[in-house]
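Okay, thanks for coming, everyone. Let me put the structure up so we can walk through it together.

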Amino acid sequence: MRSYVQLLFDVAAEKLPYLNEVPVFFDNPKQESHGDLACNAAMMLAKNLKRRPLDIANEIVNELKFDSSLIEKIEVAPPGFINIKFTHGYISGIINTVLNKSDSFGKSDLHSGKKAIVEFVSANPTGPLTVGHGRNAVSGDTIASLLEWIGYSVDREYYFNNAGRQMRVLGDSVKFRYLQLLGEQIEFPEDHYQGEYITDIARKLHEQYGDTLRENAPADLFKDTAEKEIFADIEKTLKSIGIVFQTYYNENSLYADGKIDDVLKQFKDNNLSYESDGATWLRLSEMGQDADKVIIKSTGEPTYRLPDIAYHTTKFNREYDLIVDLFGSDHNATYTDVLAGLKALGHDTDKIKVLIHQFVTIMQGKEIVKMSTRKANFITLDELIAETGRDAVRYFFNMRSITTHLNFDLEIAKKQTDENPVFYLQYAHARISSIMRMAEEQKIGFSDNPADGLSHEDEIRLLRKLWQFENEVLIAAENFEPQRITVYLEELAAMFHRFYTSCRIIGSEKAVAEARLTLSAAVRQTIKNGLSILGVSAPERM
RNA sequence: GCGCCCAUAGCUCAAUCGGAUAGAGCAACAGCCUUCUAAGCUGUAGGUUAAUGGUUCGAGUCCAUUUGGGCGUACCA
């Protein structure tokens, strides 16, 4: 329908060439009296044409030759909006569209044939995932789903560093705990990983190897064991909230297959790097950044920038049309260096969309819980899932725009009451399921032509809302804004609950009852589809 | 000091390239279950969108300055 309306304007533009001077957009008006689609082109044109927007709007409307079976009317409203109202027959048709498309309703093929990669979580395996990682995980997974819904073929990827200093400290942390288990009186360094999970890993090693690791442990045994154990936990946690990655890309492999050397050579060959004080520096100040930065330390060890750049070149080499990186705000200073480096190597960095999500503040009542992996006074994602459930975790993290700080009050999250909006949606779904079971017993079936049985304002509102779903998914996906889906679903559910109160199904005359049942089925399907984008379950009973 | 991000109702948050009267939930108050799930519905109250100035037909949204907060500012990641 949007494309049909667009076509009407294209036709009008043949007589009114000025229409080509501005982009013509169609909004879903907030207010019902403004129709189903609104266009503001006349006002955008007013200045250039030096004419009154109302006159321009009227001129445009006169050139719009529309099919009266689809569009009821097109009106001009001050200061110059063009409001388009669909016919009841057309808008009612959404019910059959929903039921026919079923689990695919809301999907569009605007970007089909394109490949996208979404990199998220990417936490280094130095400890269990925290609540902060949880936000990243849920947002990233949902953004990936959204992209799939608008046609992209999407790979979810997790990148982690397992080559640097951090991992050495991790290995040493396990070793110290191991030695303590053997009864040695050593002080555990304050800057090492303090968590209980470190001792657990040490204990496992002790069970397996006894005290033989005191003297002749294989070089990387402590580190490798820690990485393996912790990573297994991370994967398990992610799986418990329905997140599965296509690939886990690790830093070590970039050294093994020579990609680090390749990039380094390219920098050198193109005079983009230089040596100073025994270190290798990248000429970032010539790439629009504040200062040059070290990519290889005087110790010979690269800083994170070099492997990160090398890693991203693999994304370009893998020919993705869209490259999405989702980081926490603590990375906000690092990604610009990486982008600058990639651009200098000749990559089209416009394909990269870097998303920075703000931090999660954990509240225990009114008290702020300060989190630090090293000090291990964090709340783990596992604990959060155990206390609130998978659906609540996924819904809560998707409820807000990723750009805003998020307060997660553990006391509220633990409550399974109506303060928790996920139940409101699931309840609507379960309620409709219940009606459908009941209707079946009463031999009330679906209507092939529900339009005639629907006239109540609460019914009309639902129809219009269903019609908007596909576009909502599109906007949410293109802007990487999962919270738009939760907002939409809450509005849809509220409309349904109202309709439920005002429009009875069982007991109404047959044509009306069947039309309402069919509408309810379409609402149920749409709620289910929306929840599935978010990764939240849609229960049949509650 | 510098960079990025944030500031909307008592609280937590929405608001589609800048659009029409800034919306929800929770909390508060008043109602609605002999009838399809009351985890629901209806109504009331709640706002100088942190402040000031600017851009324009029109600003929560864009620009400048200020205030308050978060994260960075490494030869850590």
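So, let's start with a cluster of charges: Glu-32, Glu-457, Asp-458, Arg-461 and Arg-498 are linked in a network of salt bridges. Keep in mind throughout that this is a predicted model.

Where do those residues sit? Chain A is divided into domain 1, residues 2-86, and domain 2, residues 419-534. The centres of domain 1 and domain 2, taken over C-alpha atoms, are 30 Å apart. In the contact, domain 1 puts in eight residues and domain 2 puts in five.

How much do they bury? People often give the size of an interface as the accessible area lost when the parts come together. Here domain 1 and domain 2 bury about 680 Å² between them, with 41% of that on carbon and sulfur atoms. On the domain 1 side, Arg-2, Asn-28 and Glu-32 supply 64% of the area buried against domain 2, more than any other three residues. You'll remember Glu-32 from the network I opened with.

How many salt bridges does the rule find across the interface of domain 1 and domain 2? Two. While we're on salt bridges, have a look at Asp-36 and Arg-464 as well: their side chains meet in one, at 3.0 Å, N to O.

Let me zoom out for a second. Chain A has 542 residues, and 51% of them count as buried. It has 21 helices and 14 strands, and its C-alpha atoms fill a box of roughly 85 × 60 × 40 Å along the principal axes. If you take contacts between residues at least 6 apart in sequence, 74% join residues at least 24 apart.

Back to charges. The structure holds 33 salt bridges, and I've picked a few more to show you. One is Arg-318 with Glu-157, where the closest N and O atoms are 2.8 Å apart. Why does this pair tie together parts that are 161 residues apart in sequence? Because Arg-318 lies in the loop between α13 (305-317) and β10, while Glu-157 is in strand β5, residues 153-160. The two partners also differ in cover: Glu-157 is buried, with a relative accessible area of 0%, whereas Arg-318 is partly exposed at 25%.

Next one: Arg-305 and Asp-337, with the closest N and O atoms 3.1 Å apart. This pair links distant parts of the chain too, since Arg-305 is in helix α13 and Asp-337 is in helix α14, 32 residues away. Buried or exposed? Both Arg-305 and Asp-337 are buried.

And then there's Arg-51 with Glu-59, a salt bridge at 3.3 Å, N to O. Arg-51 is partly exposed, with a relative accessible area of 32%, and Glu-59 is partly exposed as well, at 28%.

Last stop, and we've already met one piece of it, helix α14. Together, β10, helix α14 (residues 335-344) and β11 make a right-handed β-α-β unit. In what sense do strand β10, residues 322-328, and β11 pair? Parallel, over six bridges. To find that pairing on the screen, look for Phe-327, whose bridge partner in β11 is Ile-356. Strand β11 itself, residues 352-357, is mostly covered, with five of its six residues buried.

That's my tour. Happy to rotate things around if anyone wants another look.

Key:
Residues are numbered from 1 along each chain as its sequence is written. Chains are lettered from A and ligands numbered from 1 in the order in which they are written. This is a predicted model: local features need pLDDT of at least 70, side-chain atom pairs count only at pLDDT 80 or more; totals for chains, interfaces and linings use all residues. Side-chain values use heavy atoms; hydrogens and water are left out. Buried means under 20% relative accessible area, exposed over 50%, partly exposed in between (1.4 Å probe, protein chains only). Helices (H or I, at least four residues) and strands (E, at least two) are DSSP runs, numbered from the N terminus. Two strands pair if DSSP finds at least two bridges between them. A crossover is right-handed if, with the strands pointing away from the viewer, the path from the first strand over the helix to the second runs clockwise. Domain bounds come from an automatic or database domain assignment. Contact means heavy atoms within 4.5 Å. Buried area is the accessible area (1.4 Å probe) that two parts lose on being put together, summed over both. A salt bridge is a side-chain nitrogen of Lys or Arg within 4 Å of a carboxyl oxygen of Asp or Glu.
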